[in-house]
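Reader: I have a structure open on my screen and would like to learn how to read it feature by feature. Could you walk me through it?

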Amino acid sequence: MSVKAFELVPAVERDLLMGEKARINIECIECCGKHLYLGTNDCFIHHFLLDEVTTSKGKLRYSAQKLLHKYLGLKKAVAELRAASALERLIVLCDGVLFLVNMVTLETVPSAAGGGAKIRGVTTFCINENPVNGDPFCVEMGVLSSKRRTVQIFMVYEDRVQLIKEVNTPEQPCAVCLDGYFLCLALTTQYMILNYNTGASQDLFPYNSEERRPIVKRIGREEFLLAAPGGLGMFANAEGASQRAPVNWSESVMGAAVCFPYVVALDESFITVHSMLDQQLKQTLSFRDGHILQDFEGKVLLASTKSVYVLVPLPLEKQIQDLLANHRVEEALVLTEGAQRNIPKDKFQILHKRILQQAGFIQFGILQFQEAKEYFRKGQLDVRELISLYPLLLPASSSFTRCHPPLHEFADLNHLAQGDQEKVQRCKQFLIGYLREVRSTEVANGCREDVDTALLKLYAEQDQDCLLDLLSSNNACLLADSVPWLERYHKCVRVRVFCRQKHDLKFQESYFALGLLYRSNGQEAAALQLWIRVVDGDLHDATKSDLYDYIVNFLRSCSCLDLVWKYADWALQKDAARGVSIFTKRTCTKDQSPLNPDDVIKYLGKHSQALLLYLEHLVLEKKAQKEKFHTHLAVLYLEKVLSSLSASPPNEEQLSSAREKLQGMLRESNLYRVQYLLGKMENCEQLLLERAILHGKLEEHDKALHILVHQLRDFPSAEAFCMWAASGRDSSYQERLFHQLLGVYLAGPETAEGDGSGDLKMAAVDLLNRHGEVFDAVRVLQLLPEEWSLQLLRPFLARALRASMHASRVSQIALGLSRSENLQLLHDRLKERKKPVFVSERKGCHLCHNTFSEPDVVCLPGAVPVHIHCVAQRVKDSATKKQLCNSSNHT
């Protein structure tokens, strides 16, 4: 069978009941607490006291003591007994007569009228265990009569019974059960539900009472158990519906009882136990000559004709553990969850979690990992219980001890796998996936170090690429446990490298992973030293090909400035262009202290390329507004140009690039020391263009234009200089600068021979024709030599005329707009004049606060009157004249 749910324990032995009378048979039983009442075929009631006794082995036994027996004085057997403990009465049915007996003395109770509390012609009766009457000192009872097709409802008191309702039925009823207002009846041919308060009825299913004994059993509030055709135990509620699947019991069932979550049935040879949760047969007990099976307040009693037994339910936990021991996981969980209503909430939660955890380990043991994971999750398993199965995975410093009693039967993974390495590997792969899922959840709270250390060991042993991901992320791996494990299994991480000469495979150590472990444990200096040795070639590791860049990025984000200053020099020596990003790409956060640029510049003094890149970062990217940074950068650019010029032969491409950077710096920046740079390049005739820019910065435009026109003979650069020098200035400044350049062109060459005068004149003509709109045409015509033809200056004159006409038309438009605005203001003023302004001797001036003595006033915005002399004085003494001339003012 699936589970052992009950034990059959003797309660009243044959000798104790009968003595020497061999013909006595038990006909009915009733139990109320420890008191057991037996009705026999010789019209006697026997009263026993049942005491529960626990043996040394923890088993429950019963000891019966006979207190009394009483002859009822009738000729027939005692048919039924029911106890009304609140009244201290037994309700007895014997020879078709229903009467009351004292529970203690077993004496028949006389009625208040002297005639006895008796009902005649009764076939059977039942007690309403869900009474509708609120009186605690009376009992509701349903009675079936042998002569009428009715059900009578009685109220039973200490000394009398009172009929309160009589309900007709379509057929002669032969069995009844009462719950509240609902009667569940077994008629001659069918079962039905009847509400005796409203008269509503509901037919259930057909049944032949002549073929088999009907069974009507109340199992809960408004729910009944019925014996149906085909050997089925059917459940029905007060609405006539079935909310549970039927149980499949024997065709010859003669009695049924309920001890949640089980239905117990009795037939001629066996006792069967079915679950109400899954309707499965759970246990079968052999029992012959049984004819009575009843439950009393959770206690199931069974009687043969000569003796009485108790079906003692085994503890729920033992039943569940028996199911788990047989790997019946689903049945164990169904039983646990079904018994929830009978267990205190706190105790149930603890029990349920433990059962789920045990179920998880059972599934784990048969390699059903998905089911195991789900049970572990629902049962909130301490993940260390699972880790502890794997030898040496828990850190040596862990204080964890396994649950007691244990959740499983395995000593460790080797015991589970029995030497099967494939099983071992599958179990390790499962643990990797499970730990990866739970390490960032509440499951790992309080044991993150154990989880992450175990995961590192598994990654290392399984040669997982994920090891680096784990160590690179936020982790709690313990250094003392992890380092030996890494060294043992990889020589850190195994990396296969193809050797070209020997054509074999070598295993190199991954010091990169070890460095990550040091870093995550706060030993950043040790990590850097290890990585630097790898980059320098002292140690071999092919795990990370860009380890140098990783070190630079690490220093860039490192919060410890001492480490940055200590190892940045190494990075700069290796590669200044990449290493300087330690300083240029460093971000300021709460954990990172900002670096002082002056300290960085001083530190980079011996690394010229890095210093140049850092200053470019400050000046060109960060837009630092400090003179010393701009001057320093310009000097470095100049030194680079001079260095290129001094090379033999000079690299033209490199020189051109350097000069472009220098010229750009000189043009764009306004913060460097111009005179200092001019002095540095004063004697360098190859940097005339740069000197011209510097003279432009000093507003020495004549010197700059002299260099560009006479020394360099670079007329496009001269025009470009004028455009650059005039950028951001007004048009008059630009006009003056271009007139100055025109004057230089028209002045002719400096040499007496006049060489190049033709070039200068052509340059002047080109200048006028290209920028005619900038010049004052009248002034230009006065400057030009008379012999120049108008045809030569035609483009200039056309552009000058067009510009003049454009300016004239724009001014006319502006004048028109001004007149329109003035007209609008006059209109608004006239509108304001039409509005009255009230002035009286009681009103005061807003400016001097004196009263008005005459009607002549000035109104401020908002129709506020003030004295004329106050306004005049205010305009004279303050700069608020524009406010008083607002369009809304009126006088």
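Author: Let's begin with the nonpolar core, keeping in mind that this model is predicted. In soluble globular proteins, nonpolar side chains tend to be buried together. Here the largest nonpolar core has 113 residues, and Phe364, Leu386, Leu435, Trp531 and Phe583 touch the most other members.

Reader: Which residues is tryptophan 531 in contact with, leaving aside its neighbours within four places in sequence?

Author: Tryptophan 531 is in contact with Tyr511, Phe512, Gly515, Leu516, Arg519, Leu547, Tyr550, Ile551 and Phe554. There is also a second, separate core of 35 residues, with Leu689, Cys722, Leu760 and Leu768 among them.

Reader: Let's turn to helices. How do I read one like H15?

Author: Start with a general point: an α-helix has 3.6 residues a turn, so residues three or four places apart point the same way. H15 covers residues 561-574, and its 14 residues reach 20 Å from the first C-alpha to the last, close to the 20 Å expected at 1.5 Å a residue.

Reader: Where is the kink in H15 centred?

Author: On tyrosine 567, with an angle of about 35°. Tyr567 is also buried, as are Leu563, Val564, Ala568, Asp569, Trp570, Ala571 and Leu572 of H15.

Reader: What covers the buried residues of H15?

Author: The cover includes helices H13 (524-535), H14 (547-557), H16 (576-579), H17 (581-584), H18 (597-603) and H19 (608-621).

Reader: Now a strand, please. Is S27 mostly covered or mostly open?

Author: Strand S27, residues 299-304, is mostly covered, with 6 of its 6 residues buried. For a strand, look at which way each side chain points. Lys299, Leu301 and Ala303 point one way from S27, while Val300, Leu302 and Ser304 point the other way, and all are buried.

Reader: Which strands does S27 pair with?

Author: S27 pairs with S26 (residues 290-296) in the antiparallel sense over 6 bridges. In that pairing, valine 300 of S27 is the bridge partner of aspartate 295. The two strands form a hairpin with 2 residues between them, and glutamate 297 in the turn has a positive phi of about 50°. On to the other partner: S27 and S28 (residues 308-313) run antiparallel and are joined by 4 bridges. Alanine 303 stands opposite valine 308 in S28, and this hairpin has 3 residues between its strands.

Reader: How many salt bridges are there?

Author: The count comes to 38 when a side-chain nitrogen of Lys or Arg must lie within 4 Å of a carboxyl oxygen of Asp or Glu. For each pair, ask about distance, burial and place in the chain. Glutamate 7 and lysine 4 meet at 3.3 Å, N to O. Glutamate 7 counts as buried because its relative accessibility is 18%, whereas lysine 4, at 41%, counts as partly exposed.

Reader: What do the salt bridges of lysine 34 and of lysine 457 link?

Author: Lysine 34 meets aspartate 51 at 3.7 Å, N to O. This pair links distant parts of the chain: lysine 34 is in the loop between strands S2 (26-32) and S3 (35-40), and aspartate 51 is in strand S4 (residues 44-54), 17 residues apart. Aspartate 51 is partly exposed, with a relative accessible area of 27%. As for lysine 457, its closest N and O atoms with aspartate 481 are 3.4 Å apart. Aspartate 481 lies in helix H11 (residues 479-489) and lysine 457 in helix H9 (residues 448-462), so the pair ties together parts 24 residues apart in sequence. Both aspartate 481 and lysine 457 are buried. Elsewhere, salt bridges that share partners join Asp278, Lys282, Arg328 and Glu331 into one network.

Technical notes: Residues are numbered from 1 along each chain as its sequence is written. This is a predicted model: local features need pLDDT of at least 70, side-chain atom pairs count only at pLDDT 80 or more; totals for chains, interfaces and linings use all residues. Side-chain values use heavy atoms; hydrogens and water are left out. Buried means under 20% relative accessible area, exposed over 50%, partly exposed in between (1.4 Å probe, protein chains only). Two strands pair if DSSP finds at least two bridges between them. The expected span of a helix is 1.5 Å times one less than its number of residues. The bend at a residue is the angle between axes fitted to the seven residues ending there and the seven starting there. Contact means heavy atoms within 4.5 Å. A nonpolar core is a set of buried Ala, Val, Leu, Ile, Met, Phe, Trp, Tyr and Cys residues joined through side-chain atoms within 4.5 Å.
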